[in-house]
Structures are given as C-alpha cells and as structure tokens.
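Me: I should like to go through the terms applied to this structure and see how each one is justified. Please set the values against the definitions.

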Amino acid sequence: MFKHDGEEEIFGLIIAFVVVAVIIYIIVLLATIIVGAAAAGGTIYGGGYAIKNYVSSFKENVIDSNRASAMAA
C-alpha cells in the first residue's frame, strides 16, 4: 500500500490526530450542552423568582395599602 519508508508512521499520526480531534470535539459539544442547560435553568429560576417578587410587591403596595386607606376613611 505504501511505496516509501515512513509513510506508515505518517498515516498513523494522521489517524491518531483525527481520533484526538473527535474526542476533543465531543467533550466541547457536551460542555456546550451542559452550559446551555444550566443557563436555561438559571433563566427559568430567576424569572420565576422575579415574578414572585413582583406579585408580592404589587400585593403589598397596591392591594394592602388600599385596604388600609379604605379602613381609615
């Protein structure tokens, strides 16, 4: 298959480089998926917490303060 000495080593190095590159690609792909899932989870958690705080603040500042002023009148 190979006509010159040393071509087997070059072919082996190319195959080894391709294998290492594929492994690195898979690791980076998995890390990207994990980071994306963490970002989505953080967004959902933060958004839910913000909505909870908004509703709590609205209740305290609008509903409860109107009840207090209606009772004073």
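**Aromatic residues and accessibility**

Reply: Tyr 49 counts as partly exposed because its relative accessibility is 43%, the class between buried (under 20% relative accessible area) and exposed (over 50%), with a 1.4 Å probe and protein chains only. The model is predicted: local features need pLDDT of at least 70, side-chain atom pairs count only at pLDDT 80 or more, and totals for chains, interfaces and linings use all residues. Residues are numbered from 1 along each chain as its sequence is written, and side-chain values use heavy atoms, with hydrogens and water left out.

Me: Why is Tyr 45 called exposed?

Reply: Tyr 45 has a relative accessible area of 61%, so it passes the limit for the exposed class.

Me: What makes Tyr 54 and Phe 58 a stacked pair?

Reply: Their ring centres lie 6.4 Å apart and their planes stand at 25°. Rings of Phe, Tyr and Trp (its six-membered ring) pair if their centres lie within 6.5 Å, and planes under 30 degrees apart count as stacked, over 60 as edge-to-face and the rest as tilted, so both conditions are met. Tyr 54 is exposed at 56%, whereas Phe 58 is partly exposed at 40%. The two residues are four apart in helix α1, about one helical turn.

Me: How many aromatic pairs does this rule give?

Reply: The count is two. Tyr 45 and Tyr 49 form a stacked pair, with 6.1 Å centre to centre and 25° between the planes. They too lie in helix α1, four residues apart, or about one turn.

Me: How do you know that the charge of Lys 52 sits over the ring of Tyr 49?

Reply: The charged end of Lys 52 is 5.3 Å from the ring centre. The rule asks for NZ of Lys or CZ of Arg within 6 Å of the ring centre and within 35 degrees of the ring normal, so the distance satisfies its limit.

Me: Why is Val 22 called partly exposed, and where is it found?

Reply: Val 22 has a relative accessible area of 42%, so it belongs to the partly exposed class. It is found in helix α1, residues 7–72; helices are DSSP runs (H or I, at least four residues), and strands are runs of E of at least two, numbered from the N terminus. The protein has one helix and zero strands, and 0% of its 73 residues count as buried.
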